[in-house]
Amino acid sequence: MNDDELKQVEIADYKNQIEKIKPQPKLLKNCIWAFTIGGFICLLAQIIFNYLLTSGLDKIQAGNAVAVIMIFLGALLTGLGVYDKIVEKAGAGAIVPITGFANAIVASAMEFKREGYVFGVGAKIFSVAGPTLLFGFVFSALIGLIKVFVNA
Amino acid sequence: MISLLTAFLIGGCLCLIGQLVMDKTNSSVSSGHILVGFISGGTILGGAGLYQPLVDWAGEGAAIPLSGFGNALAQGALKGAEKGIIGAFSGGVEATAAGITAAIVFGYVMAVLFNPKG
């Protein structure tokens, strides 16, 4: 065995060792947390939605208002440092709802204040929101175009 | 009352799917990937007409996860497409404009007001 091969074996062995020591994600516990917190966030949104419907908004207005309110809450709780603690426990349960989108925006922007308010905060606000909106816009435009050509 | 239960269950299930993706794949799947995945999936399913029935049934449980935001984009684009190509481009953003503007405005305000903890 030459030196190179020996090195390969050592690297593979080392990786195996790490796999054994590395803490395995507690799948069941994580899933229960994600389900519960994610469900709770949606439940809260539904309570607000139902309230807005009874106060005279139509379904589309109420849906938009709920999205705005939830985004506000997500951004505020991130600023206060509360939301990141929720994400630690709930994982995807706090990331997948729209509050998690707001969290990603604020969390990435806050770190870059010292680079200024225009090209620091103003740019980094889109480090996660940019790709997310980009793929949403690209697919929605494609869907719209397909519809146009199917109808034609 | 039933609307609260379906919102909780469906919202919980969608988040559960996200958690399974995070835990069952390698650690290079970040929260950003989850957000991009959900909005893309929601837009495509919405365009195919498969997501809106879930929103009609589960309300905010399907609308608040980011896949619901994607579905709103797709529904807007489909509606705009009835008015032609320009409508296909403008429809998606029109339908979600309130949420997108709120995210950017509140995101900026909070990032300026608060400093990172720890």
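A nonpolar core is a set of buried Ala, Val, Leu, Ile, Met, Phe, Trp, Tyr and Cys residues joined through C-beta atoms within 7 Å. Keep that in mind for the first view, and remember throughout that this is a predicted model.

**View 1. The largest nonpolar core and Ile105(A).** Here we look into the largest nonpolar core, which has 81 residues. Two residues have the most contacts inside this core: Ile105(A) and Leu35(B). If you ask which helix supplies the largest share of the core, it's α2(A), with 11 residues. Now zoom in on Ile105(A). Skip its neighbours within four places in sequence, and Ile105(A) is in contact with Ala75(A), Ile125(A), Val128(A) and Ala129(A) from chain A, plus Ala103(B) and Gly107(B) from chain B.

**View 2. Helices α2 and α3 of chain A.** A quick tip before you look: two packed helices are described by the angle between their axes and the distance between the axes. In this pair, α2 covers residues 27-54 of chain A and α3 covers residues 59-79 of chain A. They pack at an angle of about 135°, and their axes are 9 Å apart. That angle makes α2(A) oblique to α3(A). The crossing of these two, α2(A) and α3(A), is right-handed. On the α2(A) side, look for Ala45(A), Ile48(A), Phe49(A), Leu52(A) and Leu53(A); on the α3(A) side, they meet Ala62(A), Ala65(A), Val66(A), Ile69(A) and Met70(A). What classes of residue do you find in the contact of α2(A) with α3(A)? There are 10 nonpolar residues, with no polar and no charged ones.

**View 3. Helix α3 of chain A beside helix α6 of chain B.** This time the two helices belong to chain A and chain B: α3(A) and α6(B) have axes that come within 9 Å and cross at roughly 20°. That makes α3(A) roughly parallel to α6(B). The crossing of α3(A) past α6(B) is right-handed. From α3(A), the residues to spot include Asn64(A), Ala67(A), Phe72(A) and Ala75(A). Among those they meet in α6(B) are Ala98(B), Gly99(B), Ala103(B), Phe106(B) and Met110(B). Sorted by class, the contact of α3(A) with α6(B) has 12 nonpolar, 5 polar and no charged residues.

**View 4. The side of chain B that touches chain A.** Pull back a little to take in the whole contact, which uses 66 residues from chain B and 67 residues from chain A. In chain B, the elements that give two or more residues to this side are α1 (2-24), α2 (31-47), α4 (60-63), α5 (66-81) and α6 (85-113). Which of them gives the most? That's α6(B), with 19 residues. By class, this side of chain B has 42 nonpolar, 21 polar and 3 charged residues.

**View 5. Met22 in chain B.** Our last close-up lands on Met22(B), in helix α1 of chain B. Is Met22(B) buried or exposed? It has 21 C-beta neighbours inside 10 Å, so Met22(B) counts as buried. Leaving aside neighbours within four places in sequence, Met22(B) is in contact with Gly91(A) and Ala92(A) from chain A, and with Val29(B) and Ile34(B) from chain B. Look for His33(B) as well: its C-alpha atom is separated by 9.4 Å from that of Met22(B), and the two residues are 11 apart along the chain. For some context, chain B has 6 helices and 0 strands, and 53% of its 118 residues count as buried.

Definitions and conventions
Residues are numbered from 1 along each chain as its sequence is written. Chains are lettered from A and ligands numbered from 1 in the order in which they are written. This is a predicted model: local features need pLDDT of at least 70, side-chain atom pairs count only at pLDDT 80 or more; totals for chains, interfaces and linings use all residues. Two residues are in contact if their C-beta atoms, placed from the backbone, lie within 7 Å. Helices (H or I, at least four residues) and strands (E, at least two) are DSSP runs, numbered from the N terminus. Ala, Val, Leu, Ile, Met, Phe, Trp, Tyr, Cys and Pro count as nonpolar, Asp, Glu, Lys and Arg as charged, and the others, Gly among them, as polar. Axes are lines fitted to C-alpha atoms, for helices over the stretch in contact, and angles run from 0 to 180 degrees between N-to-C directions. Angles under 35 degrees count as roughly parallel, over 145 as roughly antiparallel, 65 to 115 as roughly perpendicular and the rest as oblique. A crossing is left-handed if the near helix is turned anticlockwise from the far one by less than a right angle, and right-handed if clockwise. A residue is buried if 20 or more other C-beta atoms lie within 10 Å of its own, exposed if 12 or fewer, and partly exposed in between; C-beta atoms are placed from the backbone.
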